Amino acid sequence: MIGLVDGNNFYVSCERIFDLSLEGKPVAVLSNNDGCVISRSNEFKALKIPMGTPYFQLRNRKDLIMRSSNYELYGDISRRMIQVLAEFVPEVEQYSIDEAFIHPELPDSADFLKFGETIRAAVLQWVGVPCGIGFAPSKTLAKIANHIGKKQPSGVFVMPPDPLPVLEKLPLSEIWGVGHRLAPKLEAAGFHNARQLAEADPVYIQKKFSVITARTVLELRGQPVIEREDPEELSQSITCSRSFGHPVIDLNDLHEAVASYTARAAVKLRQEKQCAAGVNIYLQYYPEYEPVRLPGGFTGTTVMFGSPTADTSAMLTAIAPKLPGIFMEGRRYKKAGVIFFGLEPEAVQTDLFQDAGKRERSQNLSAALDRINRVYGRGTLRHLSEGLAQPWKMNRSMQAPRYTTSWDDLLQVK
């Protein structure tokens, strides 16, 4: 059996851990730059306000409580959830920030309902996040079981040996991997619920749709065909991108943003003990309507490093001279990003003529920087080229404190 653990209204639940005044009230968390609703409490959902509603349409509603995204907090709470799950099962496969597949080593005759209730109670008590848990023979069925479990008083649902009666009540759009685009095509072919798809001929489905959809048919029958992700598998590329808090027109601000995103991505590169051969840099700019109409778009460049590296300083030195070449005077920029490519293990010999002592000093400096920021909070130490005030950063005017990742934001009890 495979289990799927999913935090309920995860971002809102994280906010409620440290602010009990939010309990029982309509609360929503907003996307980057306070753009639109991306997480809703049950009370907020009851008001029939859909996901993705722009904040400007809600800003005058006095009955609603809005919070800016606090990804530092959410990421740390997610990490703690995974640690709790690892106490109960030998393998935890994190799927997203609020979801994880678990692979318990229990016989099929075990009481999975009771087992799920035990895990759910532990996550709630030790972390503070309510969750739903679904058990089934395959990942696709576990997703469905989780969806049902969230609506049960126990918060847990175990898919019965014959899932067809359950699948008969499930719309196609609720199936993992189908969604709103594929569902109309399946309906046009005569499939109107999950049971009908489960009973379809996989060969026919593969010919008419795709091999992925054929795998979904097998998964709905309880045949696991979606491979587990290898937690030890290294990334093929690493990226970091953000939207700015307001339109950016100054090259120096763009330089700071690119340097900051480069430094952040380099941390992950070092965590995986990899080096990058180069980086793609892109800037996205707004359309203009006056005095001359100009379309929005992207500008970018590719920077190759002298040899594969994970040294942030070396990367920033290589990137800085390239930025003026892609900067267009007078355009308003909305976003920037970096993508590392050509990744390889840092143990690979990259340059026989490189000063080994200098390389070792650089590695030690990066390790010290990462260690300090890990202990005292991200951004405690950073390269000067990343800027100090960073006026281009995302707008998060309603952000709660970073209770678990910043010493300055520790909860104080009086």
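**Helix packing and one sheet**

The crossing of helices H3 and H4 is right-handed. Before I go on, note that this is a predicted model.

Who makes the contact? On the H3 side it is Met81, Val84 and Leu85, and on the H4 side Ile119, Ala122, Val123 and Trp126. Sorted by type, the contact residues are seven nonpolar, no polar and no charged.

Now the geometry. Two packed helices are described by the angle between their axes and the distance between the axes. H3 covers residues 71-86 and H4 covers residues 112-126; they pack at an angle of about 140°, with axes 10 Å apart. Why do we call H3 and H4 oblique to each other? Angles over 145 degrees would count as roughly antiparallel, and 65 to 115 as roughly perpendicular; the H3 and H4 angle of about 140° is in neither range, so the pair is oblique.

Next, the sheet. It is open, has five strands in the order S5-S6-S1-S7-S8, and its pairing is mixed. Which strands stand at the edges? They are S5, residues 92-96, and S8, residues 156-158; each has a single partner strand, so one side of each has no neighbour in the sheet. On average, neighbouring strands are turned by 15° against each other, direction ignored.

Take one pair from the edge. S5 and S6, residues 99-102, are antiparallel over four bridges. Val92 stands opposite Ile102 in S6.

Last, the helices lying across strands. H4 lies across S6, S7 and S8, and runs at about 155° to S7. H5, residues 139-149, lies across S1, S5, S6, S7 and S8, at about 140° to S7.

Terms used:
Residues numbered from 1 in each chain as written. Predicted model: local features only at pLDDT ≥ 70, side-chain atom pairs only at ≥ 80, totals over all residues. Heavy atoms only, no water. Axes fitted to C-alpha atoms, helices over the stretch in contact; angles between N-to-C directions. Helix = DSSP H or I, 4+ residues; strand = E, 2+ residues; numbered from the N terminus. Parallel < 35°, antiparallel > 145°, perpendicular 65-115°, else oblique. Left-handed = near helix turned anticlockwise from the far one by under 90°. Contact = heavy atoms within 4.5 Å. Nonpolar A, V, L, I, M, F, W, Y, C, P; charged D, E, K, R; others polar. Pairing = 2+ DSSP bridges.
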